[in-house]
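These are my notes on the model, set out as numbered points. They go from the chain as a whole to single residues.

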Amino acid sequence: MSDITPDRLRTMFQPRNVAFIGASNKSTFSAMAYTNMVTFGSTERAFLVNGRGAETHGRATYTSITEIPEPIDLAFMMVPQAVTLGVLRELGDAGVKNAVILSSGYADAGPAGKAAQDELVATAEEYGMLLLGPNHLGFANFVDRIPVCSIQVRPNDNPSVALLSQSGASSAAMVDFATMIAVDLSYAVTLGNEAMITAGHVLDFLVDDESTKAIAIFMETIREPETFMRAARRAAAAHKPIVVLKAGSSELSARTAAAHTGALVGDDKVIDAVLRELGVMRVDSVEDMLLTAGAAAHLGVIPRPGIGIVSISGGACDILADHAARVGADLPALSEATTERIKGFFADYGTVQNPLDVTGAAIIDPTIFDKSIAAMSDDPLVGTVGVLMSMPWEGDPDTYSGRELFPPIGKGLREAHVPSIFINQITQPTSDTTRSLSAYGGIDYVSSGMTATLSAMHLIGQWSQRCRELAEDVPVIPRNLTVPSPQERHGEWSEAQARDLLSAAGIPVVPAIITRTAEEAVTAARELNSAVAVKVISPEIMHKSDIGGVRLGVRGDGAVREAFKEVTAAGRAVPGAIVEGALISPMRGRAAELLIGVVRDPDFGLMLAVALGGVLVEILHDSVIMPLPVTPKRAAALLNHLKASHVFDGYRGTPAADRAQLGELIAHVGDLALALGDELVSLELNPLRINGTQVEALDAVVEWKDKL
């Protein structure tokens with residue numbers, strides 16, 4: 001909904017007074033919600049409504065919202081589904097503008113429930129009211145100490161990470177884990193069915209929240225994709241990191257399954273591509289989601305992807321080096337200047353490298369730590385520094401044997417010239433012991449678990465780079481192309497028609513001659529004066545080679561005549577296929593091949609796919625996708641994400657491709673797909689032959705929504 005703005009949501013998430021509707025001593029939801037208000041010291045904001053007026057949670061109650069003498073900003077509705085609509089109307093009549101609805105039995109319960117949910121929304125809109133939920137457990141505002149939820153929450157001192165969850169039950173475990181590792185939450189919002197307020201709306205609100213430094217989101221689906229994407233772009237522009245744990249998958253509907261591109265683009269790949277382009281970090285566990293969000297809130301944008309590690313454990317250095325290789329994290333070799341600088345204070349038996357083991361010499365001379373951190377942070381390839389050491393969570397902090405190492409570590413972290421972080425070797429609770437030692441050392445943040453934190457630092461580096469790219473990217477204005485009229489964009493199209501479409505748009509295609517008879521094919525082959533490819537022309541046949549509709553390297557009148565007969569006969573053997581003849585094209589020599597495809601996703605629109613072309617697309621499964629539109633620069637960068645992208649740099653005598661030229665062509669195909677409008681289902685060039693600067697499509701497929 002367009003009127004769900006951050007300012008409007010502020011009245012919900014920062015209420016002055018809250019009415020707890022359906023408060024009852026017998027309700028665990030009510031008991032937990034009120035206990036939270038007590039724990040946060042906010043009972044003066046709470047007004048309990050019990051239909052019988054019975055004393056509840058040790059307090060007097062009101063029998064109706066109309067009895068409450070104070071204006072109510074928010075109603076927390078803990079009533080059964082059967083009476084929810086009636087209560088909502090009472091709230092609307094009383095002027096309440098925000099409601100949190102716990103009860104289930106709506107869109108989560110089939111068609112009848114969806115109809116009931118639609119009625120809730122219609123009623124709320126009638127009163128100008130906002131609904132959070134239904135089918136969830138509320139929210140907690142840790143900044144203003146307003147918990148309006150039925151999961152256990154505790155106040156914290158440094159709220160910085162917001163947590164959004166489409167699962168109410170799972171959110172309790174998420175909050176517990178965040179508390180355990182001292183990721184202090186600013187907001188925890190359970191979303192439920194998102195009947196009105198979606199994750200995108202709450203994300204938009206949090207972008208403007210000064211206390212929130214990072215946002216963690218658990219979601220099973222992205223409702224209102226445009227709202228979510230718009231908010232995510234605002235977050236990237238504000239350098240506010242988003243970490244998403246996306247679970248669940250579903251099949252794309254209304255998508256071509258026959259084109260190669262359809263096999264490359266699936267629901268989860270689309271989500272991955274969209275999140276990557278938006279600058280959203282994606283993880284695959286609750287622990288990684290919260291740990292990464294905590295680290296991102298602490299580190300912020302880092303200037304370069306290179307990670308420098310300083311540790312007192314050589315074994316831990318080896319573990320991190322192995323893990324970096326697995327996840328693709330950059331642990332750059334130290335420059336000669338950095339190496340010489342460290343040698344000036346390092347133990348003679350130590351090895352100067354990254355990760356850097358300061359050895360037991362640092363126990364004798366703890367200043368080795370802060371000197372090493374300073375040197376590492378000044379290295380030209382290092383963008384962030386992690387200091388790895390154990391910090392206990394139990395025992396007497398005053399008698400801990402490594403206590404005196406923490407002040408020089410804290411000094412090094414504070415004075416480092418790039419964002420830096422203390423890393424505990426294992427995942428463990430942040431306790432009073434941990435906090436005492438951190439305070440003694442002047443260490444303001446402790447990340448828990450060395451491999452998880454290294455993965456987080458790697459993701460934060462990628463996010464930082466994407467934020468810079470988004471800031472530098474010139475807005476995409478698709479080129480103005482001449483395309484067929486909407487009346488022509490329907491039905492089944494043959495390769496010949498697809499080729500004409502590409503040629504008219506200025507996309508290079510290999511020469512080809514349409515032939516209707518075997519003798520015309522012979523004449524065409526003579527005209528081309530080379531070995532030829534002979535391909536059946538039929539709108540109903542996409543993969544011609546699969547049915548024997550292609551002959552390659554054909555030379556001589558007799559061979560061409562026979563090839564024409566064979567491919568057309570193969571086409572006529574396909575039930576329902578209309579054979580229009582055969583295309584005759586000159587054979588091309590060995591070269592790199594690329595697939596460029598576009599397919600329509602029902603939620604996110606046209607998606608561009610790039611992969612190694614020809615038969616390799618089915619063998620290697622090596623592809624990368626992104627939403628349209630795309631700039632030529634960004635399109636060229638897609639090639640680097642292909643595992644076998646080196647084939648475009650020249651191999652076995654073939655010349656290297658001009659990647660800038662390829663980026664321009666890929667973006668050109670994307671612009672053509674956009675220009676073809678909503679009628680387009682898929683467009684595919686496969687293979688696109690690349691021989692240095694000579695680039696041409698050898699085959700093409702186009703599909704429209706209306707095939708009839």
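**Notes on the predicted model**

1. Glu194, polar contact. In this predicted model, the side chain of Glu194 comes to 2.6 Å from the backbone nitrogen of Ala199. Glu194 sits in the loop that runs between strand S9 (185-190) and helix H6 (199-207).

2. Glu194, surroundings. Is Glu194 buried or exposed? Its relative accessibility is 5%, so Glu194 counts as buried, the cut-off being under 20%. Once neighbours within four places in sequence are set aside, the contacts of Glu194 are Gly133, Gln166, Ala199 and Arg223. Ala199 therefore appears both as a contact of Glu194 and as the residue whose backbone nitrogen the Glu194 side chain reaches, with Glu194 itself buried at 5%.

3. Cis peptide at Pro134. Gly133, one of the residues in contact with Glu194, is joined to Pro134 by a cis peptide bond with omega of about 0 degrees. Pro134 belongs to the loop between strand S5 (130-132) and strand S6 (138-141).

4. Cis peptide at Pro687. The bond from Asn686 to Pro687 is also cis, and its omega is near 0 degrees. Here the proline lies in a strand: Pro687 is part of S25, residues 680-691. Both sites deserve a look when the backbone is checked by eye.

5. Chain as a whole. The protein chain has 708 residues, 57% of which count as buried. Its secondary structure amounts to 23 helices and 27 strands. Along the principal axes, the C-alpha atoms fill a box of roughly 100 × 80 × 35 Å. Among contacts with a separation of 6 or more, 73% are between residues 24 or more positions apart.

6. Surface and charge. The accessible surface of the chain is about 28,500 Å², and carbon and sulfur atoms contribute 52% of that surface. There are 57 positive and 84 negative charges, and the mean positions of the two sets lie 3 Å apart.

7. Cysteines. How many disulfides does the structure hold? The number is zero. Cys149 is buried, with a relative accessible area of 1%, and Cys317 is buried as well, at 5%.

8. Leu74. This residue is placed in strand S3 (residues 74-77). The relative accessible area of Leu74 is 0%, which means that Leu74 is buried. Residues up to four places away in sequence aside, Leu74 touches Met12, Pro15, Asn17, Val18, Ala19, Val96, Asn98, Ala99, Val100, Phe139 and Val148.

9. Asn17 and its link to Leu74. Asn17 is in the loop between helix H1 (6-13) and strand S1 (18-21). In sequence 57 residues separate Asn17 from Leu74, while their C-alpha atoms are 6.7 Å apart in space. Asn17 is buried because its relative accessible area, 12%, falls under 20%.

10. Asn17, other partners. A polar atom of the Asn17 side chain lies 3.2 Å from the backbone oxygen of Pro71. Apart from neighbours within four places in sequence, Asn17 is in contact with Glu44, Arg45, Phe47, Glu70, Pro71, Ile72, Asp73 and Leu74. Pro71 is thus in the contact list of Asn17 and also supplies the backbone oxygen at 3.2 Å.

11. Positive phi at Glu224. Glu224 is a residue other than glycine with a positive phi, near 50 degrees. Its place is the loop between strand S10 (214-219) and helix H7 (225-237). With 31% relative accessibility, Glu224 counts as partly exposed.

12. Positive phi at His239. His239 is a further non-glycine residue with a positive phi, in this case near 55 degrees. His239 is found in the loop between H7 and strand S11 (242-246). At 39% relative accessibility, His239 counts as partly exposed.

13. Ala337. Where is Ala337 found? Ala337 is in helix H12 (residues 336-343). Its relative accessibility is 61%, over the 50% cut-off, so Ala337 counts as exposed. Ala337 and Asp379 are 42 residues apart in sequence, with 8.1 Å between their C-alpha atoms.

Definitions and conventions
Residues are numbered from 1 along each chain as its sequence is written. This is a predicted model: local features need pLDDT of at least 70, side-chain atom pairs count only at pLDDT 80 or more; totals for chains, interfaces and linings use all residues. Side-chain values use heavy atoms; hydrogens and water are left out. A disulfide is a pair of cysteine sulfur atoms within 2.5 Å. Buried means under 20% relative accessible area, exposed over 50%, partly exposed in between (1.4 Å probe, protein chains only). Helices (H or I, at least four residues) and strands (E, at least two) are DSSP runs, numbered from the N terminus. A polar contact is a pair of N or O atoms within 3.5 Å; within protein, one must be able to donate a hydrogen and the other to accept it, and residues adjacent in sequence count only if both atoms are side-chain atoms. Contact means heavy atoms within 4.5 Å. Accessible areas come from the Shrake-Rupley method with a 1.4 Å probe; for residues, only the protein chains shown count as cover. Lys and Arg count as positive and Asp and Glu as negative; His and the chain ends are not counted. The place of a charge is taken as NZ of Lys, CZ of Arg, CG of Asp or CD of Glu.
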